[in-house]
Amino acid sequence: MTRQIRTLLLIALGASLTAHADSVNVYSGSLGGTSDFVFRGLSLTRGKPAAQASIDVEFSREFYLGAFIATCDPNEGPSPPVEMDIWAGRYWRMSESFSADLRLSQYTYPDDPRRVSYNRTEITGTLGYRNQLYAAAIYSPNTKAVASSPGYQEGSAWALELSGRYPFSERYAVSAGFGHYDLHDVYHDDYNYWNVTLSAIFKPFELQLAYLGVDDSAAGHFDDESVGDRVAFTALWRFSSTR
C-alpha cells in the first residue's frame with residue numbers, strides 16, 4: 001500500500017509538472033558546505049564538515065521540482081557516503097498574508113552498506129504567514145531508520161515544526177525553529193529539536209551561523225556524536241536565473 005500511494009502521488013505530480021514544463025519561470029540553487037550536517041536535531045556527519053548542493057526549478061502555476069545532495073557519515077562503522085533527496089510540490093498564495101505548500105519528498109542513501117534501508121518518503125504540508133512565520137506537518141508512511149541508528153521495525157513517522165524568520169535588513173536576518181519528531185513505530189520514542197540561525201547575504205554568497213539542539217530522548221537511540229547541542233557554520237554560493 002505504501003508503494004502504491006507513493007507511485008500515485010509521483011504520477012499525479014509528474015503529470016501536472018509535465019503539463020507546464022514548457023513555461024519554466026525560475027531555476028535556482030546553491031553550492032557550498034557546512035561544518036556539521038544537522039537534520040531534525042541529529043548530525044548526519046557526527047560533527048564533521050559536509051559538502052552540499054541543491055537545485056530548484058519553478059514552473060508556472062507555482063509547481064516546482066528540486067533536489068539536494070550532501071556528503072554524510074552517520075555511522076561510526078559502515079556508512080553511506082552521500083544523502084540524495086528529490087522533491088516535487090506546489091505553492092499557493094491564498095491571500096496577501098497567507099500561503100500554503102504541499103510537497104512530496106524522497107530521501108535516499110546510494111551505496112548504503114548498512115543492513116537496514118534508511119530510504120524513506122515524506123509528505124509535507126506547510127502554512128505560512130507573511131513569509132515570516134511557518135507551521136509544517138510532515139508524514140512518512142515507510143520509515144525504517146533515521147540518522148545513526150537502525151530502527152526496531154518499519155512504520156510511520158511524523159513531525160511538527162514551527163519556524164520564523166525576521167530580517168533586520170536586506171542583508172541580515174535571524175531565524176528560529178522548534179520541532180517534534182514522533183518515531184514511536186520505529187524506535188518506540190519521540191524527541192524535540194530546535195535551532196537559532198543568524199544569516200548574512202553578500203550576493204551571491206550567504207553565510208549562516210546556527211545553534212542547534214535536541215532533547216535527551218534522542219540520546220537513548222542515536223550515536224553520542226550525533227546528538228547534543230552544537231554550533232554549525234554554513235557558507236553557500238547561490239545562483240538564480242529567470243526565463
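These legends go with several close-up views of a predicted model.

**View 1. The whole chain, before zooming in.**
Let's start with the overall layout: the protein chain has two helices and 14 strands. Its radius of gyration is 18 Å, close to the 18 Å that the globule rule gives for 243 residues, so the chain is as compact as a globular protein of that length. Taken along the principal axes, the box filled by the C-alpha atoms is roughly 45 × 45 × 30 Å. Of the 243 residues, 42% are buried. If you look at contacts with a separation of 6 or more, 52% of them come from residues 24 or more positions apart. The accessible surface is about 12800 Å², and carbon and sulfur atoms account for 60% of it. As for charge, there are 20 positive and 28 negative ones, and the mean positions of the two sets sit 7 Å apart.

**View 2. D36 and R230, a salt bridge between buried partners.**
A search of the whole structure turns up ten salt bridges, and the pair shown here is D36 with R230, whose closest N and O atoms are 2.7 Å apart. The two come from distant parts of the chain, 194 residues apart: D36 is in the loop between strand 1 (26-34) and strand 2 (38-39), while R230 is in strand 14 (residues 230-242). Why does D36 count as buried? Its relative accessibility is 6%, and the cut-off for buried is under 20%. R230 is buried too, with a relative accessible area of 12%.

**View 3. D73 and K48, a bridge from loop to loop.**
Here the side chains of D73 and K48 meet in a salt bridge, at 2.4 Å from N to O. D73 belongs to the loop between strand 5 (63-71) and strand 6 (82-93), and K48 to the loop between strand 3 (42-43) and strand 4 (50-58), so the pair ties together parts that are 25 residues apart in sequence. K48 is partly exposed, with 35% relative accessible area.

**View 4. R238 and E206, a bridge from strand to strand.**
The salt bridge in this close-up joins the side chains of R238 and E206, with 2.5 Å between N and O. R238 sits in strand 14 and E206 in strand 13 (residues 205-214), which puts the partners 32 residues apart along the chain. Which state goes with each partner, buried or partly exposed? R238 is partly exposed at 36% relative accessible area, whereas E206 is buried at 11%. Elsewhere, R40, R120, E122 and E161 are joined into one network by salt bridges that share partners.

**View 5. D85, buried and without a salt bridge.**
Now for an acidic side chain in strand 6, D85. What is the nearest side chain of opposite charge to D85? It is R120, 6.8 Å away, and D85 has no salt bridge even though it is buried. Setting aside residues up to four places away in sequence, D85 touches G66, A67 and F68, along with Q106, Y107 and T108.

**View 6. T126 and the residues around it.**
This last close-up is centred on T126, part of strand 8 (residues 120-129). Not counting neighbours within four places in sequence, T126 is in contact with S99, A100 and D101, and also with Y134, A135 and A136. A173 makes a handy reference point: it is 47 residues from T126 along the chain, and their C-alpha atoms are separated by 21 Å.

Key
Residues are numbered from 1 along each chain as its sequence is written. This is a predicted model: local features need pLDDT of at least 70, side-chain atom pairs count only at pLDDT 80 or more; totals for chains, interfaces and linings use all residues. Side-chain values use heavy atoms; hydrogens and water are left out. Helices (H or I, at least four residues) and strands (E, at least two) are DSSP runs, numbered from the N terminus. The radius of gyration is taken over C-alpha atoms; the globule rule is 2.2 Å times the number of residues to the power 0.38. Buried means under 20% relative accessible area, exposed over 50%, partly exposed in between (1.4 Å probe, protein chains only). Contact means heavy atoms within 4.5 Å. Accessible areas come from the Shrake-Rupley method with a 1.4 Å probe; for residues, only the protein chains shown count as cover. Lys and Arg count as positive and Asp and Glu as negative; His and the chain ends are not counted. The place of a charge is taken as NZ of Lys, CZ of Arg, CG of Asp or CD of Glu. A salt bridge is a side-chain nitrogen of Lys or Arg within 4 Å of a carboxyl oxygen of Asp or Glu.
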